[in-house]
Amino acid sequence: MGSYRASRTEEDVKRELSDIMRSLKDPRITGLLSIVKLDLAKDLSSCKVYISSMDGLEAARAIRALDRPD
């Protein structure tokens, strides 16, 4: 896969995940969360998402809620 196609796919995944995060109604996820970085596997089977929050201490709770949405 060419580097242009890979970066375009990463941006598409990042945009879709951002839209999904904005629409979540979980009370544990408060404040402004943003995707900082996305590591997409070469075969597009998985990705690792790095998230940042402007809330500081509330970020840890929000990230745990995203990691395990019980």
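User: Hi! How many helices and how many strands are there in the protein?

Analyst: Hello! This is a predicted model, and in it the protein has two helices and two strands.

User: Nice. And what pattern do they follow along the sequence?

Analyst: Reading along the sequence, you meet them as α-β-β-α. The helix α1 covers 3-23, β1 covers 33-40 and α2 covers 57-67. Strand β2 takes in residues 47-53.

User: Which way do β1 and β2 run, and how many bridges join them?

Analyst: They run antiparallel, and seven bridges join them. Here are two pairs you can look up: S34 has S52 as its bridge partner in β2, and D39 is partnered with K48, also in β2.

User: What do β1 and β2 form, and how many residues are between them?

Analyst: They form a hairpin, with six residues between the two strands. Two of the residues in the loop are worth a look: A41 and L44.

User: OK, L44 then. What is its phi?

Analyst: L44 has a positive phi of about 60°, although L44 is not a glycine.

User: Why is that worth pointing out?

Analyst: Because most residues other than glycine have a negative phi. L44, in the turn of the hairpin, has a positive one.

User: Is L44 buried, exposed or partly exposed?

Analyst: L44 has a relative accessible area of 40%, so it counts as partly exposed. The cut-offs are under 20% for buried and over 50% for exposed, with partly exposed in between.

User: And what about A41, buried or partly exposed?

Analyst: A41 has 22% relative accessibility, so it is partly exposed too. You can also use A41 to get a feel for distances: its C-alpha atom is separated by 29 Å from that of G56, and these two residues are 15 apart along the chain.

User: Let's go inside. Which residues make up the largest nonpolar core?

Analyst: There are six of them: M21, I29, L33, I35, A62 and A65. Both β1 and α2 supply at least two residues each to this core.

User: What does M21 touch?

Analyst: Setting aside neighbours within four places in sequence, M21 is in contact with L33, S34, I35, I51 and L66. L33 and I35 are fellow members of the core.

User: Switching to S53. Where is it, and is it buried or exposed?

Analyst: S53 is in strand β2. Its relative accessible area is 17%, so S53 counts as buried.

User: What's around it?

Analyst: Leaving out residues up to four places away in sequence, S53 touches L32, L33 and A59. You can also check S53 against T30: they are 23 residues apart in sequence, and their C-alpha atoms are 9.3 Å apart in space.

User: How about K25, buried or exposed?

Analyst: K25 counts as exposed, because its relative accessibility is 74%. You'll find K25 in the loop between α1 and β1. From K25 to V49 is 24 residues in sequence and 20 Å in space, C-alpha to C-alpha.

User: Zooming out, what percentage of the residues count as buried?

Analyst: Of the 70 residues, 14% count as buried. The accessible surface comes to about 5500 Å², and 54% of that belongs to carbon and sulfur atoms.

User: What box do the C-alpha atoms fill?

Analyst: Roughly 40 × 25 × 20 Å, taken along the principal axes.

User: And how many charged side chains of each sign are there?

Analyst: The protein has 13 positive and 12 negative side chains. The centres of the two sets lie 1 Å apart.

User: Last one: what share of contacts join residues at least 24 apart?

Analyst: That share is 43%, counted among contacts between residues at least 6 apart in sequence.

Technical notes:
Residues numbered from 1 in each chain as written. Predicted model: local features only at pLDDT ≥ 70, side-chain atom pairs only at ≥ 80, totals over all residues. Heavy atoms only, no water. Core = buried A, V, L, I, M, F, W, Y, C linked by side-chain atoms within 4.5 Å. Buried < 20%, exposed > 50% of the residue type's maximum accessible area, 1.4 Å probe, protein only. Helix = DSSP H or I, 4+ residues; strand = E, 2+ residues; numbered from the N terminus. Contact = heavy atoms within 4.5 Å. Pairing = 2+ DSSP bridges. Areas by Shrake-Rupley, 256 points an atom, 1.4 Å probe, with all protein chains shown as cover. Lys, Arg positive; Asp, Glu negative; His and termini not counted. Charge placed at Lys NZ, Arg CZ, Asp CG, Glu CD.
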